[in-house]
Amino acid sequence: MKSAVIVFPGSNCDRDMAVALEKITGQKPVMVWHQEYDFPEVDFIALPGGFSYGDYLRCGAMSARSHVMKEVIKRANAGVPTLGVCNGFQILTEAGLLPGALMRNANLHFVCRDVEMTVENGDSMFTRNYEAGTTVTIPVAHHDGNYFADADTLDRLEGEGQVAFRYNDDVNGAQRRIAGILNEKGNVLGMMPHPERMIEPALGGTDGRVLFESVLHTLG
Amino acid sequence: MKARIHITLKNGVLDPQGKAIEHALGNMGFGGVDAARQGKYIELDLQHSDRAKAEAEVDEMCKKLLANTVIENYSIELE
């Protein structure tokens, strides 16, 4: 499985993502700088966490309008599996690839700890190796992870199985405790928790590894 | 021409920073504040001399970048 990690100025989880992808897929991902207009054909695109463009204007707002994102949007719309973690999730919403927005945590605290969440949809290409209803433990590290969408959008997300992960307890004020959502086609996933930080026992667990294995399983 | 843009959170969208400001004002002894909402102010110097064109373009800028219309409203003043 060939993968790409998109790197923005201020990304800081790009190397963690690259290490996770290489360990799990056996292939080194291509690292793509945000000023590129094009990049090699890949089976999987990852938008990593961090504080791209210093979170200027809104988290992910600048990155979502960068050159490389025009290509990412084109490929994601054409069906290429695309994962956005943390700042990557914020970028996906700002780019219009996922509905809603990520706002400042309701209690204003930066939250950095392992959290428990439930796998709500165990059928997607990102979650098929989990069992729906299972609790997994994955770390979060964010200031702006408070997921917001209007009630109609939330109902639609729930109804269509687009809520991939839900926090077991309130972490950041997110509407309906949403931790991660899929697009309609199911090939784009945005999530605040960091699966790339939970890929081997030495890191505290392997609950995140399963996500990448699901994609690998799907793509063969 | 100058464009002055105010960006505010929509009604019903929780504004935790506004809430913190409201509490701080209360703690400081300013008793008369029922609510505080925090927003953004952006000023643009435009080359346009045609007001209608400028307004249409700034509106486009707001929709495409300056505001996130999922959570924010904006208003534009031209001068």
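**Strands, a buried glycine and two crossing helices**

In this predicted model, all four of F44(A), I45(A), A46(A) and L47(A) are buried; F44(A) and A46(A) point one way from strand β3(A), while I45(A) and L47(A) point the other way.

Reader: What makes side chains in a strand point in two directions?

Author: In a regular strand, side chains alternate between the two faces of the sheet. You can follow that here with F44(A) and A46(A) on one side of β3(A) and I45(A) and L47(A) on the other.

Reader: How do you know that β3(A) and β4(A) pair?

Author: Two strands pair if at least two bridges are found between them. β3(A) and β4(A) have 3 bridges, in the parallel sense, so they pass that test. Within this pairing, A46(A) stands opposite L83(A) of β4(A). Strand β1 (residues 3-7) of chain A also pairs with β3(A) in the parallel sense, over 3 bridges, and there A4(A) has I45(A) as its bridge partner.

Reader: Why is G84(A) called buried?

Author: Happy to show you! A residue is buried if 20 or more other C-beta atoms lie within 10 Å of its own. G84(A) has 29 C-beta neighbours inside 10 Å, so G84(A) counts as buried. G84(A) sits in strand β4 (residues 82-85) of chain A.

Reader: Which residues does G84(A) contact, leaving aside its neighbours within four places in sequence?

Author: They are L47(A), F89(A), I91(A), L92(A) and G190(A). In addition, the C-alpha atoms of G84(A) and P48(A) are separated by 6.2 Å, although these residues are 36 apart along the chain.

Reader: Now the helices. Why is α1(A) called oblique to α6(A)?

Author: Their axes come within 10 Å and cross at roughly 55°. Angles under 35 degrees would be roughly parallel, and 65 to 115 roughly perpendicular; the angle here falls in neither range, which makes α1(A) oblique to α6(A). The crossing is right-handed.

Reader: Which residues meet where α1(A) and α6(A) touch?

Author: From α1(A) come A20(A), L21(A), I24(A) and T25(A), and from α6(A) come R209(A), F212(A), E213(A) and L216(A). By class, this contact has 5 nonpolar, 1 polar and 2 charged residues.

Reader: What covers the buried residues of α6(A)?

Author: The cover includes α1 (14-25) and β3 (44-47) of chain A. The buried residues of α6 (residues 209-219) are R209(A), V210(A), L211(A), F212(A) and V215(A). Just after this helix, G220(A) takes a positive phi of about 75°.

Terms used:
Residues are numbered from 1 along each chain as its sequence is written. Chains are lettered from A and ligands numbered from 1 in the order in which they are written. This is a predicted model: local features need pLDDT of at least 70, side-chain atom pairs count only at pLDDT 80 or more; totals for chains, interfaces and linings use all residues. A residue is buried if 20 or more other C-beta atoms lie within 10 Å of its own, exposed if 12 or fewer, and partly exposed in between; C-beta atoms are placed from the backbone. Helices (H or I, at least four residues) and strands (E, at least two) are DSSP runs, numbered from the N terminus. Two residues are in contact if their C-beta atoms, placed from the backbone, lie within 7 Å. Axes are lines fitted to C-alpha atoms, for helices over the stretch in contact, and angles run from 0 to 180 degrees between N-to-C directions. Angles under 35 degrees count as roughly parallel, over 145 as roughly antiparallel, 65 to 115 as roughly perpendicular and the rest as oblique. A crossing is left-handed if the near helix is turned anticlockwise from the far one by less than a right angle, and right-handed if clockwise. Ala, Val, Leu, Ile, Met, Phe, Trp, Tyr, Cys and Pro count as nonpolar, Asp, Glu, Lys and Arg as charged, and the others, Gly among them, as polar.
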